[in-house]
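Please read the sequence alongside the structure shown here. The report then goes from the overall layout to single residues.

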Amino acid sequence: MTFKTTSAALLLGSALLLTACSGDGTASDQDENTQSMDENQKDTSVDMNAENSAEENAGEDMNADENENNEEAGDSNGETESDASSENEDIQKKEYPSPEEAAAQIEGYEKVDQTNIDLGHGIKGLQEGAAGHEYLYWNEGRWLIKVNFPLDPQYGIDGYDGAEEMAKNVVEYLETNYLPAPEDRGVITINGFKDHPATVVMWQKGKTVYTITSQEKEPFDALKKAVESE
């Protein structure tokens with residue numbers, strides 16, 4: 001009887017010991033698994049944070065590059081506007097590869113060798129008429145000056161009887177107001193029709209052609225700008 005009780009106690013103790021060991025092992029395994037999951041989550045979180053940081057830095061770099069490009073574009077536009085505003089708006093300038101090519105742009109230039117009218121101050125010109133127009137040409141230095149006036153004074157600029165009167169007024173003005181000296185040639189064209197008056201002054205200096213255009217009825221606005229360009 002005593003032997004059976006002792007055996008039963010030993011069996012019960014062994015069972016309890018095995019259960020305890022089994023329980024400790026499971027708990028240990030669970031702790032290890034939990035720790036591994038925590039480490040994985042931590043690693044994943046670090047990787048995601050690093051990736052997000054890299055994307056944010058890339059975005060900042062792109063924005064910085066874009067801002068820099070915009071600033072450079074703004075600076076370039078600013079320089080262009082500044083250069084444009086610094087130029088004389090009354091005189092257009094155009095450069096050509098050579099002085100010869102620049103001089104060739106001055107169309108209609110000629111030396112007036114045959115004359116039939118005295119314009120004063122030792123200046124003589126050639127007066128012609130055709131198809132309702134009266135033309136008068138003369139040279140002053142390397143300049144050719146041409147006046148186109150209607151034969152019928154009612155179509156001409158008020159205050160002038162014809163091309164001769166206008167030409168004499170121009171000669172008088174240029175006697176005391178000096179045009180720039182063209183290197184090769186210069187041409188002044190004056191249209192005396194009241195409905196579409198115009199004066200164009202063109203001359204060449206080196207590789208540059210200078211042009212002044214005026215829609216004023218009197219030619220002296222354009223002539224004054226040319227005189228003051230020196």
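What follows covers the fold, the strand pairings, the turns, the aromatic rings and one lysine.

**Overall layout**

This is a predicted model. The protein contains four helices and eight strands. Along the sequence, the elements follow the order α-β-α-β-β-β-β-α-β-β-β-α. The protein has 230 residues, and 28% of them count as buried. Its exposed surface is about 15,200 Å², with carbon and sulfur atoms supplying 48%. Sequence-distant contacts are well represented: among contacts between residues at least 6 apart in sequence, 54% join residues at least 24 apart.

**Strand pairings**

The pairings described here are antiparallel. The table gives the partners and the number of bridges.

| Strand pair | Sense | Bridges |
|---|---|---|
| β1 and β8 | antiparallel | four bridges |
| β2 and β3 | antiparallel | three bridges |
| β3 and β4 | antiparallel | five bridges |
| β7 and β8 | antiparallel | seven bridges |

Start with strand β8, residues 208-214. Six of its seven residues are buried, so the strand is mostly covered. Strand β1, residues 92-95, pairs with β8. There, lysine 93 stands opposite tyrosine 210 of β8. Strand β7 is also joined to β8. In that pairing, threonine 199 has serine 214 in β8 as its bridge partner.

Strand β3 also appears in two pairings. Toward β2, isoleucine 117 stands opposite glycine 125 of β3. Toward β4, leucine 126 stands opposite tyrosine 137.

**Hairpin turns**

Which residue in the turn between β7 and β8 has a positive phi? It is glycine 206, at about 65°, in a hairpin with two residues between the strands.

Most residues other than glycine have a negative phi. Two other hairpins depart from this habit. β2 and β3 form a hairpin with two residues between them, and histidine 121 sits in the turn. Its phi is near 55°, a positive value in a residue other than glycine. The loop holding histidine 121 runs between β2 (117-120) and β3 (123-130). Histidine 121 is partly exposed, at 43% relative accessibility.

The hairpin of β3 and β4 likewise has two residues between its strands. Here alanine 131 takes a positive phi of about 50°, although it is not a glycine. Alanine 131 lies in the loop between β3 and β4 (133-140). Is alanine 131 buried or exposed? Alanine 131 is exposed, with a relative accessible area of 78%.

**Aromatic rings**

A pair of aromatic rings is described by the distance of the centres and the angle of the planes. The structure holds four aromatic pairs. One of them joins tyrosine 135 and tyrosine 137, which are stacked. Their centres are 6.4 Å apart, with 15° between the planes. Tyrosine 135 is partly exposed, at 24% relative accessibility. Tyrosine 137 is buried, at 16% relative accessible area.

The rings of tryptophan 143 and tryptophan 203 also pair, with centres 5.9 Å apart. Their planes meet at 50°, so the pair is tilted. Tryptophan 143 lies in strand β5 and tryptophan 203 in strand β7, residues 198-205. The pair therefore ties together parts that are 60 residues apart in sequence. Both rings belong to buried residues: tryptophan 143 has a relative accessible area of 4%, and tryptophan 203 is at 3%.

Which residues form one aromatic cluster? They are Trp143, Trp203 and Tyr210. Tyrosine 210 is the β8 residue that stands opposite lysine 93.

**A buried lysine**

Lysine 146 lies in strand β5, residues 143-150. Lysine 146 is buried yet has no salt bridge. What is the nearest side chain of opposite charge to lysine 146? It is glutamate 110, 6.3 Å away. A salt bridge needs the charged atoms within 4 Å, so this separation does not qualify.

Lysine 146 does have other neighbours. Setting aside residues up to four places away in sequence, lysine 146 touches Gly108, Leu136, Tyr137, Val187, Ile188, Thr189 and Ile190. Among them, Tyr137 is a member of the stacked tyrosine pair and stands opposite leucine 126.

Methods. Residues are numbered from 1 along each chain as its sequence is written. This is a predicted model: local features need pLDDT of at least 70, side-chain atom pairs count only at pLDDT 80 or more; totals for chains, interfaces and linings use all residues. Side-chain values use heavy atoms; hydrogens and water are left out. Buried means under 20% relative accessible area, exposed over 50%, partly exposed in between (1.4 Å probe, protein chains only). Lys and Arg count as positive and Asp and Glu as negative; His and the chain ends are not counted. Contact means heavy atoms within 4.5 Å. Accessible areas come from the Shrake-Rupley method with a 1.4 Å probe; for residues, only the protein chains shown count as cover. Rings of Phe, Tyr and Trp (its six-membered ring) pair if their centres lie within 6.5 Å; planes under 30 degrees apart count as stacked, over 60 as edge-to-face and the rest as tilted. Two strands pair if DSSP finds at least two bridges between them.
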